[in-house]
Amino acid sequence: NLSNRHARSSLGKVLTGSGLAMLCLGGGCGPQKLENQQDPPTAKSNPAHLASNTETPKRIVSLAPSVTEWLYQLGAGESLAGRTDFCMAPVEARHLPSIGRMDQPNLEALVGLNPDLVIATTMTPEATVSQIKELGIPVERHNHEGIDSLMKSIDQIGEITGQSEAAQEARATVTAALKQNAQPASGQLPR
């Protein structure tokens, strides 16, 4: 679809200068994972996690701006059924129903959207994730704290949505942008 191709082609433009810093909006590319800290379970690391829904989800609710943006970037934006108040990009996302805050979503509004999957980040409190699971809604909880975790999340979102090839392209673009931004400008020494 034309809008999906446009979203992917614009990824390279987003990943320069301050755009690179915005990569993890809503998940924060903060400190790297502690040595003994494990990533939360996902469909890939725990196949039983989504056992009730083995098909590609058609109605996803995103609980984080970074997840919403990656779904669109990977060409899976059409599968979004809802978002939080903080999910304002891309512009298309603003037309989706909001379920409120990412840390305290309106559970009645969430259930009303009839999602077959909710994707959250580790910024979503475990108690909120548990409440959603108690409603019988599968939840994927992704770690966006650090580049390695973000890259793993891109792969997982690609796999979950049937957009693995787009995820590989996105990873390559992110990696290239990181390498380019790590190099000092020609003739200038880092300060």
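Two strands are taken as paired if DSSP finds at least two bridges between them, and on this basis 4 strands of the predicted model form an open sheet with parallel pairing, in the order β2-β1-β3-β4. The edges of the sheet are occupied by β2 (80–82) and β4 (139–142), each of which has a single partner strand, so one side of each is left without a neighbour in the sheet. From one strand to the next, the twist averages 35 degrees. Strand β1 (residues 60–62) pairs with β2 in the parallel sense over 2 bridges, and within this pairing Leu 80 of β2 is the bridge partner of Ile 60.

Two helices were found against the sheet. Helix α6 (residues 126–134) packs on the sheet and touches β3 (117–121) and β4, its direction making about 160 degrees with that of β4. Helix α7, in turn, lies across β1, β3 and β4, and runs at about 160 degrees to β4.

Besides its contacts with the strands, α7 takes part in a helix pair. Two packed helices are described by the angle between their axes and the distance between the axes. For helix α7 (residues 147–161) and helix α8 (residues 164–182), the packing angle is about 160 degrees and the axes are 7 Å apart. Because an angle over 145 degrees counts as roughly antiparallel, α7 is roughly antiparallel to α8. The crossing of α7 and α8 is right-handed. On the α7 side, the contact is made by Ile 147, Met 151, Lys 152, Ile 154, Asp 155, Gly 158 and Glu 159, whereas α8 contributes Ser 164, Ala 167, Ala 170, Arg 171, Val 174, Thr 175 and Leu 178. When sorted by class, the residues in the contact of α7 with α8 comprise 7 nonpolar, 3 polar and 4 charged.

Helix α4 (residues 65–73) has 8 of its 9 residues buried, so α4 is largely enclosed by the rest of the structure. The buried residues of α4 are Pro 65, Ser 66, Val 67 and Thr 68, together with Trp 70, Leu 71, Tyr 72 and Gln 73. Following α4 is Gly 75, which has a positive phi, near 85 degrees.

Over the protein chain as a whole, 8 helices and 4 strands are present, and along the sequence these elements follow the pattern α-α-α-β-α-β-α-β-α-β-α-α. Of the 191 residues in the protein chain, 43% are buried. Among contacts between residues at least 6 apart in sequence, 56% join residues at least 24 apart.

Methods: Residues are numbered from 1 along each chain as its sequence is written. This is a predicted model: local features need pLDDT of at least 70, side-chain atom pairs count only at pLDDT 80 or more; totals for chains, interfaces and linings use all residues. Side-chain values use heavy atoms; hydrogens and water are left out. Axes are lines fitted to C-alpha atoms, for helices over the stretch in contact, and angles run from 0 to 180 degrees between N-to-C directions. Angles under 35 degrees count as roughly parallel, over 145 as roughly antiparallel, 65 to 115 as roughly perpendicular and the rest as oblique. A crossing is left-handed if the near helix is turned anticlockwise from the far one by less than a right angle, and right-handed if clockwise. Contact means heavy atoms within 4.5 Å. Ala, Val, Leu, Ile, Met, Phe, Trp, Tyr, Cys and Pro count as nonpolar, Asp, Glu, Lys and Arg as charged, and the others, Gly among them, as polar. Buried means under 20% relative accessible area, exposed over 50%, partly exposed in between (1.4 Å probe, protein chains only).
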